[in-house]
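Student: I would like a close look at a single part of this protein. Please take one helix and show me how it sits among its neighbours.

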Amino acid sequence: MKQQHRIMSYATIIGAILLIAGISYFLPELKQFASPTYLRDLILQAGEFGYFLTILLLLSSVPLPIPSSSVVLVGGYVYGLIGGTILSLIGILIGGTISFFLARYFGRKLLEKLVDKHHIIHFNHLFKKRGVIIAFIAFIIPIFPDDAVMMLLALTPIRYPVFLLTAFIAHIPRLLLINSIGSDLYHGFTKMTYILLAISLLMALVAIFREKIKRFMFKELRELERDVEREVVVVEREVGKVEREMGWKKKRR
C-alpha cells in the first residue's frame, strides 16, 4: 500500500505498546489486561468468537493501519503453529478476495488511490514479461507490498481461481514462519526460533530495500527504467527545440 499507510501501521504498533504500558502504570486495577498470557487465555475461552476476532483483525488490516504480520504473530501466540496458520490463511484469502474484486470492479482509479504508482508500473511490466510466476514470487518475498499485490492482480488477465490458488500456496511459508515465532513466544524459544527470527529479519530488510532488490532481481525493470530515461531525454530535447524556436520568433518580431 501507499507510504502513508505503512507509516500509520508503524505508528499503530507504537501506540499499542504505549497504551499497554500506560494501562499497567496508571491503571493498576486493569494491569491483568496488559498481560499477554491473560489475554491469550481470555481469547481461548471465547471459543469461536476468538476465531472470528482473529480473522476480522486480518480483514481490517487491508483498509486500516493495522499491520497484518502483527495479527498473524498474535494468532500463533494464541492458537499455536497449525491453528494460527489456518486462521491466518482464511483471513488473508477472504481479505484478498475482497480486495481483488473491489479493484476489478472499480478499476485503476481505486488502485491509484491505494497503491504507489511505481508499484503499479513495475508489477504490470513484470507480469507481462513473466506472468503469474511474478505474483507467486511477490507473495513469498516482499518485493511488493502484500496487500498491493492482491489488488494489482485484479487488473491483469488472471482468473480468480488461479489468483486464489497462487495466494494460498505462496502465503503458506510466510505464515508458518510468523506463526511459529508467535507460538514460541508462549512456549519458549529454541534454536529454531532464532533461525526463524533471522529469516524474518532478512525479509524485513528486503521490504525496506525492496526497490533496489527489485532492480537487482529483474533485468526487465532495469531495461524499463533505461527506456523511460531515453524517452525523457527525447522529450526534453523536443521541448528545448520548441522553446528555442519560440524565442527566435519573438526576436524577429
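Tutor: Here is a walk from the whole chain to one helix and on to its surroundings.

This is a predicted model, in which local features need pLDDT of at least 70, side-chain atom pairs count only at pLDDT 80 or more, and totals for chains, interfaces and linings use all residues. Residues are numbered from 1 along each chain as its sequence is written, and side-chain values use heavy atoms, with hydrogens and water left out.

The chain has twelve helices and zero strands. Helices (H or I, at least four residues) and strands (E, at least two) are DSSP runs, numbered from the N terminus. Buried residues make up 36% of the 253 residues in the chain. Buried means under 20% relative accessible area, exposed over 50%, partly exposed in between (1.4 Å probe, protein chains only).

Now helix 8, residues 146-154. Eight of its nine residues are buried, so helix 8 is largely enclosed by the rest of the structure. The buried ones are Asp 147, Ala 148, Val 149, Met 150, Met 151, Leu 152, Leu 153 and Ala 154. They pack against helix 4, helix 5 (108-114), helix 6, helix 7 and helix 9. Contact here means heavy atoms within 4.5 Å.

Two residues of this helix, Val 149 and Leu 153, also matter for the largest nonpolar core. A nonpolar core is a set of buried Ala, Val, Leu, Ile, Met, Phe, Trp, Tyr and Cys residues joined through side-chain atoms within 4.5 Å. The largest has 37 residues, and Phe 123, Phe 139, Phe 144, Val 149 and Leu 153 touch the most other members. Helix 4 (68-106), helix 6 (117-130), helix 7 (133-140), helix 8, helix 9 and helix 12 (219-252) each give two or more residues to this core. A second, separate core of five residues includes Ile 55, Tyr 77, Val 78 and Leu 87.

Phe 144 deserves its own look. Leaving out residues up to four places away in sequence, Phe 144 touches His 119, His 122, Phe 123, Leu 126, Ala 138, Val 149, Arg 210 and Lys 214.

Finally, a neighbour: helix 9, residues 160-187. Helix 9 bends by about 40° at Ile 172, and Pro 173 follows within four residues. The bend is the angle between axes fitted to the seven residues ending at a residue and the seven starting there. After helix 9 comes Gly 188, with a positive phi near 115°.
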